[in-house]
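Here are two short exercises to work through with the model open beside you. Try each task before reading its solution.

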Amino acid sequence: MPQTAKLEYCASAYIKMGLAERYGLELDEIRIAMSDFEEPVDGEVVPSEEGRQAPAVADDVLPDTLYLMPVPNRPFFPGQVQPVGINPQDWGSTLEAVSQSGQGLLGLSYVDQPQIQPGEAEPRQIPAIGCVVRLHRAPESPGQPGHFLAQGIRRFRIVRWLSETPPYLVQVEYPRSQGDRDSDEIKAYAMALIKEIKELLPLSPLYSEELKQYMANFSPNQPSLMADFSAALTTASGDQLQEIMDTLPLRSRMEKVLLLLRKEREVAELQAQITSQVNEKVSEQQREFFLREQLKVIQKELGISKDDRTADVELFEERIKALDVPEVASRRIGEELRKLSVLETGSPEYGVTRNYLDWATSVPWGVVSKDNLNLKHARKVLDAQHEGLDEVKDRILEFLAVGAFKGEIKGSILLLVGPPGVGKTSIGRSVADTLGREFYRFSLGGMRDEAEIKGHRRTYIGAMPGKFIQSLKEVQVSNPVIMLDEIDKIGASFQGDPASALLEVLDPEQNSEFLDHYLDLRVDLSKVLFICTANQLDTIPAPLLDRMETLRLSGYVAEEKLSIAKNHLWPKQLERHGLSDEQLKINDAGLKYVIESYCREAGVRSLEKQLARIMRKSIVRLLSEKEAKLRVGKKDIEDLLGTPPFQAERPLRGMGVVTGLAWTSMGGATLPIESSRIHTLNRGFKLTGRLGEVMKESAEIAYSYVVSHLKDYNCDLDFFDISMVHLHVPEGATPKDGPSAGVTMATSLVSLARRERIKRPLAMTGELTLTGQVLPVGGIREKVIAARRSKIMELILPFGNRRDFEELPEYLRDGVNVHFARNYREVFEFVFDEHRVEKSLH
């Protein structure tokens, strides 16, 4: 290629790579720099006679001292023509010294620092090998960031530092490359380098421009320059490139450069692959976008396309056609539809109106499911899913019978009250299964905002309907079974009183026109069967309680728990743990021991947990001992569950000690009461045991009654006049309250005053008045169950509770000797006169 053509091509190459524009180089300056190159001699770049500087053809022409400037990031190689960025304010003294030397030569050495300030570079940080360059353009404005065009000539080695402060001055020598460049081995390495560079060319156009620049100025038969050029072509680190600079043997240098090129090619191929994958994805997305746009245009031309607003309006209209919407609601929905059809889809009002229509058209107006009124089927389902609970089952069957007789079932409100774990929630599901209705459950526990019941006003951001509208939307029928769990734990706050909001819902006379604040439409809830659950009635507001029919679920006795465990809980746990009945079995004795010693609560929730624990322990044993079958008996229970928390109860005996019966939210319990004379110094009466106000009043009434009737019960008339009496109810950490311990406290005081102990196991309950009347109390079933659990089979109950006892199942009454008392005189005769048995029921 002629010299002029070479110059023009190299200048255009720099312009194409953006270097000229980036560094502000003129086209003539690039031509002048390129024209300085002639044929190199043994790895050095020799300037031509046409250059602006004096020709240099041998080592004696290059100076033996050079001003030195460190360069960051990567070293400068011989043969490179490249701008070098500097800050003249920092290195102005060095550039001025180079200018005054008249040679225009500067030594560039690599330093591994992102930025270099004068005085920071120490001699030990600067490598011995660098590159001497010729400056072609220095910054014109001192103090401003600038650059100069550097032309790499050849390597130098620092012999001695003449000045270790800026401007740095060093004594140098110019080592030559070692090795025969005309040998076949060097030529083979050169061909390998050319091959690697050719493979890089298709991967990046930048490599192509730099290679063309090199071929335009240098001969391909110069392996030293080819190695340096190839190294400068890579994106290797500065330390790796400096290693190439330090390597003088030609063969070793070419080997290292070849490794860098191969690594560069692998990185470039990976980058090209990633770019190709990204382009494919982008192209596919663009293709889908164009196809969708074309489809929209085609649909619009054919008249079958719809915008979002039209699609929404048609969707809501189709929903309304399938429903039996009342006239008022239909008129309101129509008004909202007309508003939606004129609103812009991007306006906030459009979103509010669309959400309202979505909810209004999702309510199942007039959609009802067909009820299954087969009483035999209902009894079969209830008996299969629950043991006992005959009162609840009978009430449900009565409800179904009325519906079957009338031909339709109106909504009703049932309240199931009982201790935890007795099956209140599961009964609701059973009722839904019996009727064939949809079932929806939500908990009222902790609810403090009435908007949860009646919905939010539409003016609020994020407004939604209340829970009842949400339930109707989910079940898609207007006559589901809705269970309101934990109605006794509902709260109140500044946001409103949810219990008051429930008054409209749970009133059969009002819920046919239930008004939700969000919809602002009347919704008929009269066909809904509401089933509420509670653990106690004390916290339920009286107006709300008056609207519900209360059904009590008492705790289970041991026999019922055994049946539930065998028929329901054990099979359920076997399935849950992936076991078969052949792999793990438990006998009745083991189940009874678990029930009596580990699970004495009224329900069966704790029993289910203990059975699951037995399963887990048994699975570990099956896996560790490689046994195919395992049988669990009474003797194995303590190994699986540990020491029983409950031991066999022994009723307290002694003078002034009487066993009472109490009802708690966890079921029935025995309640021993003790009284003792502390001293005879003065008269007094002391109560302990964390008693509530009502129970304290009962104790005071019992004390007053006994003191005023000492003669009637053959007691020492002066006993209480000189005695300090202490009455205590054990388990002082447990709060106790209620009037039902009145007769028990009176009997304890009479026993103390007569100095006579009760000689047989006996328990009693009843409220005592000042005139000695025994009034009826509640919780008779739970109290009888507690007495049987403690193996006390003789009871004294108020005469007013005789019917409650007679309504108990036969298995609860069997073997229990009950005395019914109208007044305390009868209680006294039953307790202290063993020969009096009249008015007793066996």
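**Exercise 1: a strand and its neighbours**

Leucine 415 stands opposite cysteine 532 in S12. Keep in mind that this is a predicted model.

Task: find which strands pair with S7, and work out whether S7 is buried or exposed.

Solution.
1. Start with strand S12 (residues 529–534): five bridges join S7 to S12, and the two run parallel.
2. Turn to strand S13 (residues 549–552), which is joined to S7 by four bridges, again in a parallel arrangement.
3. Stay with leucine 415, whose bridge partner in S13 is threonine 550.
4. Now look at the side chains: Ile413, Leu415 and Val417 point one way from S7, while Leu414 and Leu416 point the other way, and all are buried.
5. Five of the five residues of S7 (residues 413–417) are thus buried, so the strand is largely enclosed by the rest of the structure.

**Exercise 2: a helix pair**

Task: classify the packing of helix H21 (residues 588–598) against helix H22 (residues 605–625), and say which residues make the contact.

Solution.
1. The axes of H21 and H22 lie 11 Å apart, at an angle of about 125 degrees.
2. Roughly perpendicular covers 65 to 115 degrees and roughly antiparallel begins over 145; H21 and H22 are therefore oblique to each other.
3. As for handedness, H21 passes H22 in a right-handed crossing.
4. H21 contributes Leu591, Val594, Ile595 and Tyr598 to the contact, and H22 contributes Ser606, Leu607, Gln610, Leu611 and Ile614.
5. Sorted by type, the contact residues of H21 and H22 comprise seven nonpolar, two polar and no charged.

Methods: Residues numbered from 1 in each chain as written. Predicted model: local features only at pLDDT ≥ 70, side-chain atom pairs only at ≥ 80, totals over all residues. Heavy atoms only, no water. Axes fitted to C-alpha atoms, helices over the stretch in contact; angles between N-to-C directions. Parallel < 35°, antiparallel > 145°, perpendicular 65-115°, else oblique. Left-handed = near helix turned anticlockwise from the far one by under 90°. Contact = heavy atoms within 4.5 Å. Nonpolar A, V, L, I, M, F, W, Y, C, P; charged D, E, K, R; others polar. Buried < 20%, exposed > 50% of the residue type's maximum accessible area, 1.4 Å probe, protein only. Pairing = 2+ DSSP bridges.
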